[in-house]
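Here is a short note to read with the model open. Please go through the points in order and check each against the coordinates.

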Amino acid sequence: MPYTKETILSQLEKRNLLHYENIEPIQSGIAFLTGQTTNAPVPASVEAAERLEIFTSLLQLPEQWDENDRLVLQLIATETAWPACKHAFLATIVPMLDMPGTSSSIVSRFSYFTSFLQQRGSTPEEIGSLLISYSGDGNNFDLAPLKFTPLRKFLQDLIKGAEKNVVEAYLRTWKQKGWNSLFYRLLIKGHPDFEMEYLESMLLTAGNLADQQLLARVLLQNNGIKYTPLLESAINNASKRTDHATVLYGYDQLAAHFPEKYQPLLLQAAYDYLDMPAVGRNEREHVPSVITGQWPAELLPAGVMAIREILQQQRSAGLLWLTDYLEAKRYLHPGTFQLLIDLLQEKAVPVLLKALNNDYDAKVILPVLTQLDKALYIDQLWPFTLHKLKSVRTLVAVILAEHPLALEKAAELLQHKKADQRLTAVQILCRLNHPAARDLLQQALHKEINDDTRDLMLETLGGYTITGESELDIVHQLVAYARKRNKLSKPVEKWLEESSLPPLYLFNGDIMPTDMLRFLLYRMSRAKDIRTDMEAKPILRLVDRNRSGEFAAHLFRLYNDQEGDTKLKYLLTLSALIGDELLADRLVTCIYDWIAAKRMKMAEQAVGALALHGSDKALRTVELLSRKYRVRKANIGAAALAAWQQAATEQGVSIHELGDRIIPNFGFNGLYKQVEVRNEIYRIYLDEHFKPAWLNEKGRRLKAIPTGASTTVKDVVKALGKEITETVKLQSPRLEHFLVIQRKWNATQWQQLFLQNPVMFVYATRLVWGLFDKEDQLITTFRCQEDGKLFTLADTSITLPTNSHIRILHPVYLDTDTLRRWKHKLNELSITPVFPQLERPVAALPPQQAYSTCVHDFEDISLESEVLNRHMEQKGWKLSDGCDSKYVYTWHKTDDEHQLEVIVEMSSSFQDNSMLLKLGKLYFIDKTKAPQRWLRSAEDTQDGLLPLKNVPPVFYSEAITDIAVSRVKASLP
């Protein structure tokens, strides 16, 4: 009986191919598999043929192939389809071959499988090589005897019984493919006389250096005497082709087993390697292993190994040689400097200082040098304050700040005629927490003509460098000092002539004078990021923003006309700082336009500028962007979050408190807004659906707007409804996020926010709340009535204690009976939650896992990636980049409130032209203790791993249920 359409569509749905009607030859393939047509479609192109590989997922184990499976095989086996579908077929079927079965079923399994491939023109050797490749068992250097599985047993019998010409065909194939430990072990088991031929092809010719050395190591470990001649031959061949790196590594491998014979040769190889004219320019250790995807951690870089051998075998002569080597400014691998400390300790100081003086990387040398006692070298660092490289001067300044005479010597350096040296002096003084250092900076500040040096002074002094009777007096002094430093003699940009700009008004009604405006533009151009320059702040406080809209709009147009040139982002910043609401609206429009146009840098800068604008409406948009783009377009979300945090910091509150502050009240007085219609006073409030509703003077609710309301009133109410709808769209996901992170409000904060704001009051009445004591223990649960009174589940009225805090109740805190009763209560009162609250799935920590650090419950699950990715992103998880050839991924979700992160590891493989993800360990880390890296594993984060009992119950429950729900949605049959 042919396939049913439902069976096939379930496979298409997993791959998000719901509109298959317009995709050929999928539509024709379905018609053939369901019996609507009798002839298998023949794809017209390679691209069309690749579409058919999706149907390979319908195939069963070969011994179970029936008429339906044969339809699939017929579909993918046409002359044009098979080359495109071959990979998907093998990736699907080969893993199945190792499934358990009876002896007879396993024999049938391989018989049907090989017969199908032979019909496609595959030779026995080609079939065997395909099985080896798709088994995935040979991508390692494991030379232990094979533990047999059905597939391995079949392969052993196949290769062992092969004639010489077939074995030679295998060798030709695998010499080209490279190292495969499964093939090697099958070969030496069935035809040991061919072993050396295969190994020679791996080691005697130029190849992947990492893989060759890993193979050499395991061979010598298995049988050093047997394989030494082979390695010697490999070294000789490498020497003939002047491959000094392979020679060096080869002798290092042999010297580990036979030191007396090979250490002298290793020493000579070290010199030969370092004497190469191009040493370091094309080091092959930068090329990762084909097998593991990375350079082996156990192999030192060739340059480091060479220096190690020279210094270990010839300490005195080696140091003299290294001094000459440094003098010639020859390449040294960065890892060499740590090696020098490890081998020489304090005797490494002269060598490291010489390297520093000869322009070797100060970012590498100085951190290594500081591992030693500073008394050994700190006096010798002062001459480096005159070094030609800024990077060197900057790094030594950090160390010299700890010198006993740092203040005196930096004061002398501050008088130097060159700006570079004055900057170094300032860098030293800025690190000194000493009043005399600040005095020196203050005295030099308004005389310093180098802006980089002066900006560093300003940053250290906090910008408060001038006092005056008024803000205007301070500004006049700043402008006068700048004029003396010759900073106002010309516009900051040639094309930014002040006379061409619209007038910029001060609060006193005057137009800002040219010098003051020039100073403002000059100082804002010094701001490195989207922020306010410290010396520009006094002027900005004098600007009348209500009259500055035209000026701000003009600056924004100039920035836009320059295509967002990062050097001109100060124009964007300044326009936001002085712009009106129209400018904020323009910024919002441009942010979304630039995101759509993939002009992400401009969008990120505009987000920061929007936060600087500072209006409630602008800040609400920034907060929205910080949540909207947490996963997709994460750079935008990160920029918005940083801007949002900065805005909160400037107001002295948390980001959540700032979010509460800027929720609009729409002109309501508490929960009501009075409106007069025909000499009668009505009150508008928001009903349970966030819609404006009316009460007359007697307190009775009206069904519609009062008769006789003017067009103006109707328009106001209509606009009010739209604004409230937009606010609800922002607040609902925000409050659901607060449920997940368990945000706390103290009693006063909660009452002010939820009982005084008309929108938030509706939320108060449609959610269940938890009252907690100062030890975070749940006191009681409660709801808010439409009259603002608070009642428990037992309908007991309560007041909020001053030392308590309130959270949106998460069902993890409720036992089964209480949860059932609350659901019944809400249903009885016809209260519909604004988002899933009590209905949320809950995962409680099993007591036996309290002291565990990893959750292994999901490790046997394979998932179809597209559905999983969509689900996880919706839940706020972020996906790391893949690494190595194994395609290992991790999903991350953070709880910034508690500085925690949950990570689930995954590995991937490709099947049916899509990616399958196999879940791994899930664990929680303390972000304050774990190393900050994007791609982590449990082994990387041992210090930050949390016992599960230390994870907040809500964060644990949300993480576990996210994964559990994803498994239900996306698990494969």
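1. **Convention for angles.** Axes here are lines fitted to C-alpha atoms, for helices over the stretch in contact, and angles run from 0 to 180 degrees between N-to-C directions. Point 4 relies on this. The model is predicted.

2. **Overall picture.** The chain has 973 residues, and 52% of them are buried. There are 40 helices and 16 strands. The C-alpha trace spans about 105 × 85 × 60 Å along its principal axes. Take the contacts between residues at least 6 apart in sequence: 65% of these join residues at least 24 apart.

3. **The four-stranded sheet.** Four strands form an open sheet in the order β1-β2-β3-β4, and the pairing is antiparallel. The edges belong to β1 (673-677) and β4 (701-702); each has a single partner strand, so one side of each is left without a neighbour in the sheet. Five bridges join β1 to β2 (680-686), antiparallel. Within that pairing, K673 has I684 of β2 as its bridge partner.

4. **A helix across that sheet.** Which strands does α35 lie across? They are β1, β2 and β3 (692-695). The helix runs at about 135° to β3. By residue number, α35 covers 711-741, and G721 is part of this helix. Is G721 buried or exposed? G721 has a relative accessible area of 16%. The cut-off for buried is under 20%, so G721 counts as buried. The C-alpha atom of G721 is 9.5 Å from that of L686, although 35 residues separate the two along the chain. L686 falls within the residue range of β2 (680-686).

5. **The six-stranded sheet.** A second open sheet has the order β5-β10-β6-β7-β8-β9, again with antiparallel pairing. Here β5 (745-746) and β9 (797-798) are the edge strands; each has a single partner, so one side of each lacks a neighbour in the sheet.

6. **Strand β6 and its two partners.** In a regular strand the side chains alternate between the two faces of the sheet. Strand β6 (769-772) shows two directions: W769 and L771 point one way, G770 and F772 the other. All four residues are buried. On one side, β6 runs antiparallel to β7 (778-784), with four bridges between them. W769 stands opposite F782 in that strand. The two strands form a hairpin with five residues between them. D776, in the turn, has a positive phi of about 70°. The other partner is β10 (805-808), also antiparallel to β6 and also joined to it by four bridges. Across that pairing, L771 faces I806, and F772 has H805 as its bridge partner.

7. **Helix α29.** How many of the residues in α29 (569-578) are buried? The count is 10 of 10. The list includes K569 and T573 as well as L571, L572 and I578. What covers the buried residues of α29? The cover includes α26 (514-525), α27 (537-540), α28 (549-561), α30 (581-596) and α31 (600-613).

8. **Aromatic rings.** The structure holds 37 aromatic pairs. In one of them, the ring centres of W745 and F754 are 5.2 Å apart and the planes stand at 85°, so the pair is edge-to-face. W745 and F754 are both buried. Elsewhere, F141, Y170, W174, W179, F183, Y184 and Y198 make up one aromatic cluster.

9. **Charges over rings.** Please inspect two arginines. The charged end of R120 sits over the ring of F116, 4.8 Å from the ring centre. R523 lies over the face of Y522, and the distance to the ring centre is 5.3 Å.

10. **A buried glutamine.** Q212 belongs to helix α12 (209-240). Its relative accessible area is 5%, and Q212 is buried. What does the side chain of Q212 have at 2.8 Å from a polar atom? The partner is the backbone oxygen of T205.

Key:
Residues are numbered from 1 along each chain as its sequence is written. This is a predicted model: local features need pLDDT of at least 70, side-chain atom pairs count only at pLDDT 80 or more; totals for chains, interfaces and linings use all residues. Side-chain values use heavy atoms; hydrogens and water are left out. Buried means under 20% relative accessible area, exposed over 50%, partly exposed in between (1.4 Å probe, protein chains only). Contact means heavy atoms within 4.5 Å. Two strands pair if DSSP finds at least two bridges between them. Rings of Phe, Tyr and Trp (its six-membered ring) pair if their centres lie within 6.5 Å; planes under 30 degrees apart count as stacked, over 60 as edge-to-face and the rest as tilted. A charge sits over a ring if NZ of Lys or CZ of Arg is within 6 Å of the ring centre and within 35 degrees of the ring normal. A polar contact is a pair of N or O atoms within 3.5 Å; within protein, one must be able to donate a hydrogen and the other to accept it, and residues adjacent in sequence count only if both atoms are side-chain atoms.
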